[in-house]
Amino acid sequence: MEQRRRSEARWWLAFMLLWDILWSGALAQIRYSISEEVQEGTVVGNIAKDLGLDRNALRNRGYRVVAGSSEPLFEVNQNDGVLYLKQRIDREEACERTTPCLINLKTVLENPLEIHYVTVEILDINDHAPVFPEKEKRLEISESASPGARFQLQAAQDPDVGLLGVQHYKLSHNDHFRVEVKDRGEDRKMPILVLQKQLDRETVRQLKLRLTAIDGGKPAKSGDINIIIDVLDVNDNSPVFTKESYSVTVKENVPVDTVVIQVNATDLDQGANSEIIYLFGKDVDSKLMKLFSIDENTGEIKVKGKLDFEKSSSYELDIQASDKGQVPLTTDKIVIISVIDVNDNAPEIDVTSFSSSISEDSKIGSTVALISVTDLDSGINGKVICTIKQDFPFTLSPSLQDNMYAVVTTSQLDRETVSKYDVTIVAKDSGERSYLTERTISVVVSDVNDNRPQFLLSPYTFYIVENNSPGATVFSVKATDRDEGDNAIISYHILRQIDGNKLTSFLNINSETGDIVAMKSFDFEAVKTFQFQVVATDSGTPSLSSNVTVHVFILDQNDNAPVILYPVSSNGSAEGVEEIPRNVHAGHLVTKVRAYDADIGYNGWLLFSLQEVSDHSLFGLDRYTGQIRTLRSFTETDEAEHKLLILVKDNGNVSLSATATVMVKVVEPKEAFAASDVQSAAKDDEDSDVTFYLMITLGAVSLLFVISIIVLIAMQCSKSTDYTSKYLQEPNYDGTLCHSIQYRSGDKRYMLVGPRMSIGSTIVPGSHANTLVLPDRRRTSEEVRQLPRCGALY
């Protein structure tokens, strides 16, 4: 039979344990118990094992106990998930008389975020003995007291609770009194001395008794008090309260000295035996005496200190009415004071878990922080509404746990727009006079490589003077990246294509600065313009890049000397012989010196001058056309042969020149006609050859120029409206110069012109000799004007 009972007990215990485990799992909460006063480091339980967590990931996931501002009582070992005691716990200090004594813990795992709730019950041990407030109690009892009269004594105090508190009282042996215990709840057992046998003052004037309070520990602990009873004579009526019970409600913010309630008692005796005074009972705690006072004459109970609903929602006062008889008689009554909560506590915001940075490519709904909100008030005063103060891409998502919120993203983040958010969380209770609390958390948006490098200009246009120094920097490109760190570090390279522009092989770019170096000198006469592409790549992973087209225009320098096309002798020297009749008149065309310069503008504008002549009065040279004409008629005294040395020079800064020699022979008319017939045939052949070569040269140059114009027009049309080009003819020359070019750079407008400059033009110091600055008639866009080039042919 005994074995069967044990078996049934084991099954019942197993069932209760299984039920507790299933119930705890459903609530996602573990409950442990530990006795008070155990040593530091005592193991409470293995949380990782009970929750089925991976012990190897505990440290990496930052497994910890979340504590408030006070020193935590428990700590979790991140290596094995064991919860252990960090400091010694005194249950009476931690929970006073609250049972059970529960300490709630929050444990947090990061990446992903998990919260587990652990409850630890602090078990009481019998570490306190009952203690009476006084070592000795003296009572005065009238001999007229009838058997059954009851005299309340002060209860012994035992900080332990439950069975370990005071369980019963024991009175020393005597013939007149016995002890009864009245249970007031909350572990309060009041000893009451009951008269069993009528007292006889003439027989016994004084009784000495010993009252022992015994707790329920094993072994039990006890405390004693000596009771001395003085037997008095005759006041035999006790005061009687007018009400069976007294109760009142009062707000916790009631001012000091406010009358809460008034008690009243009457006594049927006469004289001093009927005069009543009111006192607090012997069992009233000293803390209550700091909060309330009683007027001994009127029975008015007033507020003496500040009430706090959060500390206690009700108070129970023992009030004693005593007459003034020689042997006073007393009556006890309980007054219950209920405290009404008022909204006197502001909400508190506790950041449970917080990630100080979030990637800008995080998905919508990503958690930034976990917060918990508490309000010590109750009811509507303790109901808290949480919001985010700013219009930020964050919101508060309620958790399954009351007053727990997650700060999550509501839209895509962009670090380049906003790199940091100071999120202010507002907690406001719902009381009639509401309180508001703010807590700010700073969220940094971390960068991802989501921006391509951007060039400052697109496209780039550069002008380079020909004959530049090889190896020198000719121009530079620059790109920026809105990202930061490695994502914003930019490297440059030239996009080289196999079948592309061969000139790019002569260019080199600094990968860090974007400076472009020409490895050879450019020749305007060989190439006038070209383009290539530069690629800018950031250092992100994966990297992003962008490219830009660079247009390069070669500017002319005066690096070509004039070439004499006529006269040219058979050995290639610039010498010729002309025969004219002696009877020609003034203005007769003797010959025309023809020359060509491969440069353009002023560099290709040629001027002719007579350096040497035998008779200045006889021949004249047109400085623009190169025509040699007679200035007067010949006389008999004029010599028959004249040597003319003609200097042909361009108009560059440092002008280049060439010379031609023309021998003019004056013959008689008949000889001139005969010679002219002979020479005409040879000259016709010579002129036809020269004309043929001139036509080939002019055609090639014109074709090249037309192609350049078409390329320029296509390039300018592809640009934005802020950069336009127009090509208009501006014939500002008299036929000796076949082209002019106008262009803008910065605040200045430049024009390459022929021999007739427009009024108001000036040569800019330091510019090319063929470059003029024109008065600025438009400043809204750049303008390029160019006439078809036919070479500088004279």
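Here are four short exercises on pockets, a threonine, a cavity and salt bridges, each with a worked solution.

Before you start: this is a predicted model, where local features need pLDDT of at least 70, side-chain atom pairs count only at pLDDT 80 or more, and totals for chains, interfaces and linings use all residues. Residues are numbered from 1 along each chain as its sequence is written, and side-chain values use heavy atoms, with hydrogens and water left out.

**Exercise 1.** Work out which strands supply the lining of the second largest pocket, and what classes of residue are in it.

*Solution.* Start with the term: on a 1 Å grid over the protein atoms alone, a pocket is an open set of points with protein on both sides within 12 Å along at least five of seven lines, while a cavity is a set where a 1.4 Å probe fits but cannot get out; lining residues have an atom within 4 Å of a point. Grid points are joined across faces, edges and corners, and a volume is the space filled by probe spheres set on the points.
- Volume: the second largest pocket comes to about 960 Å³. Of its 35 lining residues, Arg150, Phe151, Gln152, Gln320 and Thr330 are the closest to its centre.
- Strands (E, DSSP runs of at least two residues, numbered from the N terminus) come next. E8 (136–142), E9 (150–152), E19 (276–280), E22 (314–323) and E23 (330–340) each give the lining at least two residues. E8 has the largest share, with 6 residues.
- Classes: count Ala, Val, Leu, Ile, Met, Phe, Trp, Tyr, Cys and Pro as nonpolar, Asp, Glu, Lys and Arg as charged, and the others, Gly among them, as polar. That gives 11 nonpolar, 11 polar and 13 charged residues in this pocket's lining.

**Exercise 2.** Find what Thr331 touches beyond its sequence neighbours.

*Solution.* Place the residue: Thr331 sits in strand E23. Now list its contacts (heavy atoms within 4.5 Å). Skipping neighbours within four places in sequence, Thr331 meets Ser238, Pro239, Val240, Phe241, Ile319, Gln320 and Ala321. For Pro239, look at the backbone oxygen: the Thr331 side chain reaches it at 2.3 Å.

**Exercise 3.** Describe the second largest cavity.

*Solution.* Searching the whole structure turns up 2 cavities of 30 Å³ or more. The second largest has a volume of about 40 Å³. Its lining is Glu134, Lys137, Leu153, Gln154, Leu211, Ile225 and Ile227. Sort these by class and you get 4 nonpolar, 1 polar and 2 charged.

**Exercise 4.** Take the salt bridges of Lys389 and Arg415, and decide whether each partner is buried or exposed, or something in between.

*Solution.* A salt bridge is a side-chain nitrogen of Lys or Arg within 4 Å of a carboxyl oxygen of Asp or Glu. By this rule there are 14. Buried means under 20% relative accessible area, exposed over 50%, and partly exposed in between (1.4 Å probe, protein chains only).
- Lys389 pairs with Glu438, with the closest N and O atoms 3.3 Å apart. Lys389 is in the loop between E27 (384–388) and E28 (394–398) and Glu438 is in E31 (residues 436–446), so the pair ties together parts 49 residues apart in sequence. Lys389 is exposed at 54%, and Glu438 is partly exposed at 41%.
- Arg415 pairs with Glu484, the closest N and O atoms being 3.6 Å apart. This pair links distant parts of the chain, 69 residues apart. Arg415 is buried at 9%, whereas Glu484 is partly exposed at 41%. Salt bridges with shared partners join Arg415, Glu416, Asp447 and Glu484 into one network.

Terms used:
Helices (H or I, at least four residues) and strands (E, at least two) are DSSP runs, numbered from the N terminus. A polar contact is a pair of N or O atoms within 3.5 Å; within protein, one must be able to donate a hydrogen and the other to accept it, and residues adjacent in sequence count only if both atoms are side-chain atoms.
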